[in-house]
Amino acid sequence: GSGFKLLPRWHCCLFRLLFIVALSFAYFSKALTGTYMKSSITQIERRFDLSSTHIGLIDGSFEMGNLLFLAVVSHFGAKLHRPRLIAAGCFLMAVGAFLTGLTHFFMGRYSIAACVDPLKTLDHVPEIQIEPSLEDNKGKSVEYILCHYAACVRDSGSSMWIYVFLGNALRGIGETPVTPLGISYIDDFAKAENSPFYIACLQTITLLGPMFGFLLGSYCARLYVDIGYVDMESVTITPKDSRWVGAWWMGFLVSSGLLLISSIPFWFLPRSMPKQESEENHETPVCEILNKTEDAQSNNQNFKLTEIAKGFLPSLRRLLGTPAYFLLLCGNILKFNAFIGLLTFKAKYMEQQFGQSASRANFLIGVLNLPAVAIGIFLGGLLMKRYKLSVVSGAQLSFATSFMSYLLMLLQFGTKCDNIPIAGLTVSYNGTKGVLYSREMLFSECNRDCFCSAEEWDPVCSDSGITYISPCMAGCLSSSGHGKNTVFHNCTCVSTSFPAGSSTSVRLGQCPHAKDCSRSFTSYMAISVLSSFINALGATPGYMVIIRCITPELKSLALGIQTLVTRTLGGIPAPVYFGALIDSTCLKWSMKSCGGRGACRIYNSDMYRYHTEKFQFTLFKQICQKLLTSIIIVVKTFADLPQSNSVLYF
């Protein structure tokens with residue numbers, strides 16, 4: 001009748017171990033899924049024919065869903081069955097990931113080729129009435145136009161990206177109870193001296209998730225989107241082509257399975273467990289576990305909402321009125337903006353600037369950048385523990401590492417590759433360099449009578465290293481070969497930029513970057529890894545400074561406000577406006593079948609790098625100002641305190 005079950009002590013230990021292992025796997029699975037989403041950004045953008053701004057909105061939907069329920073779950077979750085809430089959260093994340101991947105199967109086959117041979121056109125189409133919104137149908141065959149309208153009907157499926165948005169938001173909602181309730185559950189039953197160790201194990205395993213997420217993204221990006229359904233010999237593009245779409249859906253189905261498995265153990269764990277006793281107090285052979293009907297612990301925490309509300313606003317006013325905390329919070333918001341913006345589009349930057357495939361870009365991030373971050377975080381905590389850094393020293397270390405990492409980040413933008421020579425876009429048809437934005441410059445005397453479409457993007461490469469946006473624009477009259485091995489001959493535009501007697505043939509695909517670009521990419525990766533390591537080195541000291549610069553009773557509120565504000569003002573808007581900056585550098589947009597702008601095919605590399613560098617430099621200046629001011633305040637506040645009161649114990 002007491003509501004207690006008496007179980008042997010080894011059952012208690014088993015439950016503790018099971019919870020730690022289950023929570024670690026849940027952390028690993030959710031981190032893997034989140035970073036896989038980041039690694040699939042380019043694939044989703046191309047598959048749904050979206051701009052970078054739209055893809056940034058989709059990426060931010062996770063934060064929207066997460067923040068929508070974060071405060072409610074964090075407050076009321078502690079009064080409910082926490083393991084089962086975590087299980088429900090993992091299940092919801094699995095459903096969200098599954099919905100995202102399932103969208104692929106309702107989209108139909110991905111089509112990149114023209115409906116008919118682009119070289120077979122008619123001079124006129126007299127008996128077909130064309131809608132005014134469709135431009136320049138002269139020169140298109142009857143079959144081409146009929147196929148165009150069929151494609152227009154199929155294109156209605158492009159709105160399916162909304163389901164990816166909803167799936168990602170659902171995953172954000174499901175992630176809400178996992179972290180706060182998992183950590184609080186551990187802290188409730190573990191000994192005070194063991195709790196940091198358990199949490200450190202969780203964080204260590206969590207760091208493996210992003211690495212495997214990017215590796216999974218690398219593998220899936222190498223596979224064609226419709227693998228198993230199409231003859232790969234008929235696919236005329238390679239993974240380096242801007243139209244290539246990898247099997248993005250496959251990783252979401254894999255991660256959905258992992259999340260579903262991670263939810264199972266939590267359904268069988270008790271609602272709560274007693275506090276783990278010290279070794280000298282282990283005299284009784286049994287331990288007491290509260291069952292589902294036990295409400296003693298809940299009664300102790302059963303505060304009225306009105307009482308909580310009365311104390312919340314004054315506490316929030318005190319917290320934000322602490323100058324050091326407020327400035328550090330502003331610095332973290334700016335830093336998180338820069339971090340999220342760069343992480344979301346880092347693989348895309350490597351693709352566009354250095355001609356890397358999405359698969360290789362994700363692989364390098366997973367095996368080089370993320371391990372450097374993990375080592376940096378570990379060494380930062382080790383430095384604090386080894387040298388018992390004071391609050392002032394911690395603030396100075398955080399500032400120094402931020403300053404150095406941002407200097408290196410700006411330096412890496414100096415490693416560049418020139419724009420690929422593309423006739424009518426980055427060079428003229430006679431090979432003269434200079435970015436050209438006029439639609440009329442896409443045409444020349446050599447192709448003006450070919451009735452080419454300016455919206456086509458089917459690049460071909462000449463032996464001179466100049467890319468033409470289509471065989472028609474190159475003025476080609478015949479072709480030979482099949483699939484990837486197709487070669488176009490007698491291209492009149494090629495002869496204008498070549499010495500007499502040279503080859504006038506072109507092959508399918510965009511021309512590669514110059515050879516010296518590979519050296520620039522090696523320098524870029526070296527600086528990127530070093531910058532990631534140094535930035536991570538100051539992450540733990542900076543986190544602890546925020547905790548120590550406020551009164552103890554405001555710690556929980558301070559960390560909650562930091563999470564809420566940084567994710568609201570950083571995680572949601574950063575991918576959107578960063579994507580808008582990227583869109584502003586596009587040279588050639590794809591056109592949807594029913595009209596309207598699709599995904600970008602080629603960017604102005606110089607402007608892309610310039611806008612990114614300018615954006616980072618602006619944030620860098622503001623971060624330095626906030627950190628310097630906060631250091632001065634921290635020094636004034638703690639300079640006169642005894643060393644024992646100002647040590648950052650880790």
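**Helix packing and nonpolar cores**

The chain holds 20 helices and 9 strands, where helices (H or I, at least four residues) and strands (E, at least two) are DSSP runs numbered from the N terminus. The model is a predicted one, in which local features need pLDDT of at least 70 and side-chain atom pairs count only at pLDDT 80 or more, while totals for chains, interfaces and linings use all residues. Residues are numbered from 1 along each chain as its sequence is written, and side-chain values use heavy atoms, with hydrogens and water left out.

Of the 650 residues of the chain, 51% count as buried, that is, they have under 20% relative accessible area with a 1.4 Å probe and protein chains only. Among the contacts (heavy atoms within 4.5 Å) with a separation of 6 or more, 78% join residues 24 or more positions apart.

The largest nonpolar core, meaning a set of buried Ala, Val, Leu, Ile, Met, Phe, Trp, Tyr and Cys residues joined through side-chain atoms within 4.5 Å, has 57 residues, of which Ile 44, Phe 48, Trp 248 and Met 350 touch the most other members. Helix 12 gives the largest share of this core, 8 residues. Apart from it lies another core of 28 residues, including Ile 420, Ile 422, Tyr 429 and Val 494.

Helix 12 (residues 323-354) also packs against helix 13 (residues 358-387), at an angle of about 125° and with the axes 9 Å apart; axes here are lines fitted to C-alpha atoms, for helices over the stretch in contact, and angles run from 0 to 180 degrees between N-to-C directions. Helix 12 is therefore oblique to helix 13, given that angles under 35 degrees count as roughly parallel, over 145 as roughly antiparallel, 65 to 115 as roughly perpendicular and the rest as oblique. On the side of helix 12, the contact is made by Lys 346, Ala 347, Met 350 and Glu 351, which meet Ala 358, Ala 361, Asn 362, Leu 364, Ile 365 and Asn 369 in helix 13.

A second pair is formed by helix 14 (residues 391-412) and helix 16 (residues 517-537), whose axes come within 8 Å and cross at roughly 165°. That angle makes helix 14 roughly antiparallel to helix 16. Residues in this contact include Met 404, Leu 408 and Leu 411 of helix 14, together with Tyr 524, Ile 527 and Ile 534 of helix 16.

Conventions. Buried < 20%, exposed > 50% of the residue type's maximum accessible area, 1.4 Å probe, protein only.
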